[in-house]
Amino acid sequence: MIKKEIFGMNLEELQGAFGEFGIKKYRAMQVFRWLYEKGAVSFEEMTNLSKADRELLSEHFNLGSGSVKAIRELASGDGLTNKVLLEFPDKACVETVVMHHDYGYSVCLSSQVGCNMNCAFCASGISGFERNLTAGEILAQVYYFQRLLQVKGERVSRVVVMGSGEPMLNLDNVLHALDILHSDYGLCIGYRNMTISTCGIIPGIAKLTAAGRTINLAVSLHAASDSLRTKLMPINKTYNYLKVIAEADAYEKNNGRQVMYEYILLAGINDSKADAQALADTLQRKNCVVNLIPANPVPEKGFARPSQQAIDDFFQTLKTRKINVTLRKEMGKDINAACGQLRARALKEEKSC
Ligand code: SF4
């Protein structure tokens, strides 16, 4: 008999499956709390269930979150950022990062194994796209860190879906996972403390708008001209950046959340004063914020970080044009913070063994 994976099921799914296997439906809430409030990794831990029910559970279900393992771990010198390469039972692996901010702990999640968007500056797609992550695998990344934090009486209070993969191409699983995290009987994380970042998949933004959550939307823009954006992000050929911005405007109007535009600053590519003016022209009078991200060099891709002067000038140009702008607080620079770099290195080393 093939066992079902229990981690990633919401309350209704648990109730449905328990009915099927002769486990009292009211047990579903107890199990839900064990999985998502307490972060249990085995059925034996669920001590308010009878032994017979625990046996039924292990007969019919796998609890895969317990079999996720960190195969590489890096900690930044300042102790505020930890990055892990997590491996799932099928050997697929993804990067997940936890950052300790003033307001608490934020986890940056991957939504796919690899990526096929081919953004020129990103290491995530170097080995191509493997597969979507399930809701349980997305949650397993959060709970990997949550279990470590709860021992210290701390918790994950924010999640950003900004790691490897394009979340809008796996939106059902991403939303399923975020809804469980949002639940009062999960980690109770407000939607306003969640962010989904997209390279600009218009149907995905529209679907997120229709889903009606107050999740923050971040759009990776990185250029304000068709030719440059297409060079940096080939998806611009399918979904032109002006149409993406129009869709993001609709999101802001319907869901009441200011949109964040991410702009990675690449030396000599998109960091000139003219680039800043073009960006300001594109975004003027929009309820948005631009987050400038000085590039982490990706040696495999040949990009460099601009000088501090170029970064400051870009920032000031936007400010002068009355664009809300922030400079990303750099965390984990010493541990290859750009998404996909840890996995890319691990795969390269594996190949050369
Ligand atoms: S930036 Fe995002 S969408 Fe683009 S290749 Fe990297 S992971 Fe994929």
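The legends below describe three close-up views of a predicted model.

Residues are numbered from 1 along each chain as its sequence is written, and side-chain values use heavy atoms, with hydrogens and water left out. Because the model is predicted, local features need pLDDT of at least 70 and side-chain atom pairs count only at pLDDT 80 or more, while totals for chains, interfaces and linings use all residues.

**View 1. Helix α1 (residues 11-20) against helix α2 (residues 27-36).** The two axes, which are lines fitted to C-alpha atoms over the stretch in contact, come within 9 Å and cross at roughly 130°, on a scale that runs from 0 to 180 degrees between N-to-C directions. α1 and α2 are therefore oblique to each other, a word for angles that are not under 35, over 145 or from 65 to 115 degrees. The contact (heavy atoms within 4.5 Å) joins Leu-11, Leu-14, Gln-15 and Phe-18 of α1 to Arg-27, Ala-28, Met-29, Val-31 and Phe-32 of α2.

**View 2. Helix α5 (residues 171-182) packed with helix α6 (residues 202-211).** Here the angle is about 35° and the axes are 11 Å apart. From α5 the contact takes Leu-171, Asp-172 and Leu-175, and from α6 it takes Gly-204, Lys-207, Leu-208 and Ala-211.

**View 3. Domain 1 (4-65) beside domain 2 (68-352).** These bounds come from an automatic or database domain assignment, and the C-alpha centres of the two domains lie 33 Å apart. In this view, 17 residues of domain 1 are in contact with 15 residues of domain 2. The buried area (accessible area, 1.4 Å probe, that two parts lose on being put together, summed over both) is about 1,300 Å², with carbon and sulfur atoms giving 59%.

Key: Helix = DSSP H or I, 4+ residues; strand = E, 2+ residues; numbered from the N terminus.
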